[in-house]
Amino acid sequence: MHPNKQNKIHANIQCGTTGMKQSCILDININCRHISVAGFLMLILLCCIVPVSALEPEKAKITIGVILPLSGDDSVAGSHLLQGIQVAADEINADETCRYQVDLQVADDTGDPDRALTLFKEMQTDSIPVVIGSYTTTLTLPMARETGKSDTTLLISPQANGESLYGISPLFYQVNPPIFALAQFVSEWLAYTSDRPALVYVQDKYGESVLNHILKGLIEQDFQISGTYPVLPEENDFSSFTRTILDKAPDAIVIIMYDTRQIPLIRNISEAGYRGQVLLTESSCLENLEKEETDALSRFPLFTISAYTNLVPGDHSDRFVQSYQEAFGNDPSKTLAGYGYDSMMLIADAFRNGNGEENITAEMIKEGLDNSRYYGVTGPKIFDMNHAPTSAMDRWGFKDGRFELMTISLV
């Protein structure tokens, strides 16, 4: 090449746009007298790479509030729910097709409804568009009422399902089905398997609601009971309480309690010599009962019939179990973790079903939930007009030192 002759190389680099890949069209004029071949190739490489990374869109960040009892009597259930939420959040953030990056703002309500309400109001003030919480009806009810006073924050409860919550607010959704189907099934079970059942219930909104619906079902069948026995919120010594129940000689005992006080109550019933049927309406303590009270449980027939199923069979649940075990080392199938997982995944589904705006609002999430057809690890989550899903009930039996799943019923 003549030293005085300026030669130019024209590079036309075309890059398409497909999916998440960004590209550009570059026209490059290079003076060959001042650049080597290696340098020229390096320049082309940089032109292709640098603009691509610079043009990739960043995920829009969204803060999601979580209010659960992480200390106190309900801390076991609260911790399991939080772990399920965390597994789901990790999956969402790793999903390249999701346009949003989830940040969790977690708060401990300590099992105190006043504290739960205070925390929820703080998250409303911070304009957090959606909050997951809490565990019981008593904890959730004040927050659910508050959603009716402001349109800034939507509340999703992973577990609370007392009658007082059903349809309470346009911005309240419950992932656990209402107690109506549970109460109907329990009353029918008792009519076929018992002549003189005793009904033990925690004296709060949830316990009274389940009790009243079971009684209604039994009365409709002209059925007699040996008695109803309220457990006060602060009650922990069940020795005299148990003797009072057994004095009436029931052939079945229904325990309508959701916290770990199930364990000392069942222990006292067993040690008092009772050998009839025991029926739990909440299965949140199966793992603890299995570990701590195997001898006590083996002395009488024990079943659980709950308004929810911990996990439905299928590939989706298998993947969740694997992810949960990798993260926490435990099997979630006898815990409430699946309900935390589904609560978080429902929010992600609402993102996809919403209007597509980057600015996430409570109203946008509401629109997405109303259009959701999500089938979760705990069953279908298609909401009715009062924002509650269809029941998917578990029935477990204690046999040979462990709880075994008998059936799952979609009601």
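**A helix pair and three salt bridges**

The protein chain you see here has 13 helices and 16 strands, and I should say at once that this is a predicted model. Of its 411 residues, 53% count as buried, and the chain exposes about 18,500 Å², of which carbon and sulfur atoms supply 49%. If we take the contacts in the chain with a separation of 6 or more, residues 24 or more positions apart account for 70% of them.

Let me turn to one pair of helices. Two packed helices are described by the angle between their axes and by the distance between those axes. Here helix α3, residues 113-125, packs against helix α4, residues 137-147, at an angle of about 35°, and the axes lie 8 Å apart. The crossing in which α3 passes α4 is right-handed. On the α3 side the contact is made by P113, A116, L117, F120, K121 and Q124, while α4 brings T138, L139, P142, M143, E146 and T147. Sorted by class, this contact has 7 nonpolar, 3 polar and 2 charged residues.

Now to the charged side chains, where the general idea is that side chains of opposite charge can pair when their charged atoms come close. How many salt bridges does a search of the whole structure find? The search finds 3, and I will go through them in turn.

E146, which we have just met among the contact residues of α4, forms a salt bridge with K149, and their closest N and O atoms are 3.8 Å apart. The two partners are placed differently with respect to the surface, because E146 is buried, with a relative accessible area of 12%, whereas K149 is exposed, with a relative accessible area of 67%.

In the next salt bridge R261 pairs with D259, with 3.2 Å between the closest N and O atoms. Are these two residues buried or exposed? Both R261 and D259 are buried.

The remaining salt bridge joins D370 to K366, whose closest N and O atoms are 3.0 Å apart. Why might we look at their positions along the chain? D370 and K366 are 4 residues apart in helix α13, residues 362-370, so about one helical turn separates them. D370 counts as partly exposed, at 33% relative accessibility, while K366, with a relative accessible area of 16%, is buried, since the cut-off for buried is under 20%.

Note on methods:
Residues numbered from 1 in each chain as written. Predicted model: local features only at pLDDT ≥ 70, side-chain atom pairs only at ≥ 80, totals over all residues. Heavy atoms only, no water. Axes fitted to C-alpha atoms, helices over the stretch in contact; angles between N-to-C directions. Helix = DSSP H or I, 4+ residues; strand = E, 2+ residues; numbered from the N terminus. Left-handed = near helix turned anticlockwise from the far one by under 90°. Contact = heavy atoms within 4.5 Å. Nonpolar A, V, L, I, M, F, W, Y, C, P; charged D, E, K, R; others polar. Salt bridge = Lys/Arg side-chain N within 4 Å of Asp/Glu carboxyl O. Buried < 20%, exposed > 50% of the residue type's maximum accessible area, 1.4 Å probe, protein only. Areas by Shrake-Rupley, 256 points an atom, 1.4 Å probe, with all protein chains shown as cover.
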